[in-house]
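This report looks at one protein chain and at how some of its parts are placed with respect to one another. Please keep the sequence and the structure in view while reading.

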Amino acid sequence: MKLQIQTLPKPDLIGSLVSTLCAIHCMITPFIFIAKAGTEIGSIEPPFWYRTFDYLFVAISLLAVYFATQNSSKSWIKVAMWATFSLLFLAIMNESFEISHLPEASVYVPALILAGLHIYNKKYCQCQDETCCTTNT
């Protein structure tokens, strides 16, 4: 029995929502650490369950970008979405594994740009029939 992946319903809506939630998650993290530091002196590491949100956002974002680019009529938006997702992925992996010190904006900016690209794609770049996505205009 072959497993088939069904089309993700409303990938641009899901993608813009997840990207925005990812940016909010990244923005509130320092405040959570400050509050946590007040209760647990000496512990600055986030709890495991909280760090899993990073990977959950990346996984959902990957699916949203994949399915959104399958239904997009503009080739430039496909490239922009994959490039922005790649930057977001690299920024999150860098933060997880502490490869190098990057400013916090290295996560916020691609997450918000990706949300904007999903909104733009939803509004202006949707295929109306089966043939428009193959033309790559």
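Which residues do ring pairs link into a cluster? In this predicted model, the cluster is formed by Trp76, Tyr120 and Tyr124, which ring pairs join together.

## The aromatic cluster

The structure contains five aromatic pairs. In one of them, the ring centres of Trp76 and Tyr120 lie 5.4 Å apart and the ring planes meet at 55 degrees, so this pair is described as tilted; the reason is that only planes over 60 degrees apart would count as edge-to-face, and only planes under 30 degrees apart as stacked. This pair connects distant parts of the chain, since Trp76 belongs to helix H3 (residues 75-97) and Tyr120 to helix H4 (residues 105-124), with their positions 44 residues apart in the numbering. Trp76 has a relative accessible area of 43% and is partly exposed, and Tyr120, with a relative accessibility of 32%, is also classed as partly exposed.

Tyr120 takes part in a further pair, with Tyr124: here the centres are 4.9 Å apart and the planes are at 45 degrees, so this pair is tilted as well. Tyr120 and Tyr124 are four residues apart in helix H4, and therefore about one helical turn separates them.

## The overall fold

The protein has four helices and zero strands, and its elements, read from the N terminus, follow the order α-α-α-α. Of its 137 residues, 36% count as buried. Among contacts between residues at least 6 apart in sequence, 76% join residues that are at least 24 apart. The protein exposes about 8800 Å², and carbon and sulfur atoms supply 70% of this area.

## Helices H3 and H4

Helix H3 has 23 residues, which at 1.5 Å a residue should span 33 Å, and the C-alpha atoms at its ends are indeed 33 Å apart, so the two values agree. The buried residues of H3 include Ile77, Met81, Phe85, Leu88 and Ile92, and also Lys78, Thr84 and Asn94. After H3 comes Glu98, which has a positive phi, near 50 degrees.

Helix H4 has 20 residues and reaches 27 Å from its first C-alpha to its last, which is close to the 28 Å expected at 1.5 Å a residue. Among the buried residues of H4 are Val107, Tyr108, Pro110, Leu114, Leu117, His118 and Asn121.

## A nonpolar patch on the surface

Leu17, Leu21, Ile24, Met27, Ile28 and Leu112 make a nonpolar surface patch of about 510 Å². Helix H1 (residues 11-39) gives the most to this patch, with five residues. Met27 has its place in helix H1, and its relative accessibility of 36% means that Met27 counts as partly exposed.

## The segment after H4

Where is Gln126 placed? Gln126 is in the segment that comes after H4, and with a relative accessibility of 27% it counts as partly exposed. Although Gln126 and Thr69 are 57 residues apart along the chain, their C-alpha atoms are separated by 9.4 Å. When its neighbours within four places in sequence are left aside, Gln126 is in contact with Asp12, Asn71, Ser73 and Asn121, and Asn121 is one of the buried residues of H4.

Technical notes. Residues numbered from 1 in each chain as written. Predicted model: local features only at pLDDT ≥ 70, side-chain atom pairs only at ≥ 80, totals over all residues. Heavy atoms only, no water. Phe/Tyr/Trp six-rings, centres within 6.5 Å; stacked < 30°, edge-to-face > 60°. Helix = DSSP H or I, 4+ residues; strand = E, 2+ residues; numbered from the N terminus. Buried < 20%, exposed > 50% of the residue type's maximum accessible area, 1.4 Å probe, protein only. Contact = heavy atoms within 4.5 Å. Areas by Shrake-Rupley, 256 points an atom, 1.4 Å probe, with all protein chains shown as cover. Expected span 1.5 Å × (residues − 1). Patch = residues over 30% accessible without salt bridge, like charges linked within 9 Å, V, L, I, M, F, W, Y side chains within 5 Å. Salt bridge = Lys/Arg side-chain N within 4 Å of Asp/Glu carboxyl O.
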